[in-house]
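Biologist: I would like to learn how to read a structure, one feature at a time. Please give the general idea, then the case at hand.

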Amino acid sequence: METFRLMMLGPPGAGKGTQAKRLADRLEIPHVSTGDMLREARRKGTELGEKAAEYMEAGRLVPDKVVIGIVRERLQEDDAETGFILDGFPRTRPQAEALAEMGVELDAVVNIDVSDDEVVNRLGGRLSCPNCGAVYHRDANPPAVDDVCDKCGSEGLITREDDRPEAIRERLEEYHKKTAPLIEFYEQRGVLENVNGEASPDEVADAIVEQIGA
Ligand code: ADP
Ligand code: ADP
Ligand code: ZN
């Protein structure tokens, strides 16, 4: 059986989560989102959640050691054996090196390219379901019924605290400084697939499927 060990790369708000969920359904492999795992830990009030909270609120990256640990554990679970889609990890060079040291060889790194202006627009309008994690956009992708989650039916979509203007600026800076260098890192390893993210979600999905041969 063919395996898909994939990673979504791109600035905050590029559409990594939106596309990773679609691909995970299509390929029947788990969607491994470090952001989702960290938010879950915060909701539960675990030690991990407490460690991550102040960084996340400020829009800064959580220390490498913390995220490397949770990814290592997650990828050891049975469902990750035939493939997975990493979303939001690695985000720094040390994280990428740690992933390689775990013995993980990525088949493809999908780099979703969008401008900083589009990032600000997308994150500024993002609405998230606090119950199931589904993601919407005020204008580009609203729920069918105002303020009600299409997926789970719960009422009260929220703006993530790190989707406020101050935190958005900080996250973009972190991205350019620490994450963007991974584009070259993976290009050198021959696995980079560049996709234009400034198209409709359907168009972006089609381009990804075509480029990775899924
Ligand atoms: P987005 O996809 O909108 O950029 P995420 O949900 O992936 O946001 O991440 C939210 C926050 O969680 C990040 O701003 C950061 O504080 C933390 N985080 C998630 N993944 C990582 C990671 N790999 N390394 C460090 N921090 C991370
Ligand atoms: P990321 O995981 O990279 O932070 P998301 O998938 O959460 O990005 O998307 C960020 C915001 O942009 C959400 O509000 C989402 O609904 C919206 N969005 C995602 N893809 C597109 C697209 N192709 N066009 C317009 N808006 C999009
Ligand atoms: Zn929901």
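**Reading burial, contacts and ligand shells**

Modeller: Arg160 is buried, because its relative accessible area is 15% and buried means under 20%. Keep in mind that this is a predicted model.

Biologist: Where does Arg160 lie along the chain?

Modeller: Arg160 sits in the loop between β6 and α7 (165–179).

Biologist: Which residues is Arg160 in contact with, leaving aside its neighbours within four places in sequence?

Modeller: Contact here means heavy atoms within 4.5 Å. By that rule Arg160 is in contact with Arg39, Arg126, Ser128 and Arg171. There is also a polar contact of 3.0 Å between the side chains of Arg160 and Asp162.

Biologist: Take another loop residue. Is Ala80 buried or exposed?

Modeller: Ala80 counts as buried, because its relative accessibility is 3%. Ala80 is found in the loop between α4 (64–75) and β3 (83–87). Not counting residues up to four places away in sequence, Ala80 touches Pro30, Arg74 and Leu75. For a distance across the model, take the C-alpha atoms of Ala80 and Lys177: the two residues are 97 residues apart along the chain, and these atoms are separated by 30 Å.

Biologist: Now the strands. Why is strand β1 (residues 4–9) described as largely enclosed by the rest of the structure?

Modeller: Five of the six residues of β1 are buried, so the strand is largely enclosed by the rest of the structure.

Biologist: How do I read side chains along a strand?

Modeller: In a regular strand the side chains alternate between the two faces of the sheet. For the pairing, look at the bridges. β1 pairs with β3 in the parallel sense over five bridges, and with strand β4 (residues 108–113) in the parallel sense over four bridges. Leu6 shows both pairings: its bridge partner in β3 is Ile85, and in β4 Leu6 stands opposite Ala108.

Biologist: Next, ligand 1. Which residues come nearest to ligand 1?

Modeller: A shell is read as the residues with a heavy atom within 4 Å of the ligand. There are 19 residues around ligand 1, and Thr34, Arg60, Gly88, Arg91 and Arg171 come nearest. By class, the shell has seven nonpolar, four polar and eight charged residues. Its largest share, four residues, comes from helix α2 (residues 34–44).

Biologist: Which atoms of the protein lie close enough to ligand 1 for a polar contact, within 3.5 Å?

Modeller: Among them is an N or O atom in the side chain of Arg126, 2.9 Å from an oxygen atom of ligand 1. An N or O atom in the side chain of Lys16 is 3.4 Å from an oxygen atom of the ligand. From Val62, a backbone N or O atom lies 3.0 Å from a nitrogen atom of ligand 1. On its own, ligand 1 has 560 Å² of accessible area, and the protein covers 96% of this.

Biologist: And how is ligand 2 read?

Modeller: In the same order. Around ligand 2 there are 19 residues, of which Gly13, Thr18, Arg126, Tyr136 and Ala199 come nearest. The classes are eight nonpolar, eight polar and three charged residues. Oxygen atoms of ligand 2 lie 3.0 Å from a polar backbone atom of Gly15, 2.8 Å from a backbone N or O atom of Gly17 and 2.5 Å from a polar side-chain atom of Thr18. Taken alone, ligand 2 exposes 570 Å², and the protein buries 92% of that. The elements giving two or more residues to this shell are α1 (16–27) and β6 (135–137).

Notes:
Residues numbered from 1 in each chain as written. Chains lettered and ligands numbered in written order. Predicted model: local features only at pLDDT ≥ 70, side-chain atom pairs only at ≥ 80, totals over all residues. Heavy atoms only, no water. Polar contact = N/O pair within 3.5 Å; in protein donor to acceptor, adjacent residues only side chain to side chain. Areas by Shrake-Rupley, 256 points an atom, 1.4 Å probe, with all protein chains shown as cover. Nonpolar A, V, L, I, M, F, W, Y, C, P; charged D, E, K, R; others polar. Buried < 20%, exposed > 50% of the residue type's maximum accessible area, 1.4 Å probe, protein only. Pairing = 2+ DSSP bridges.
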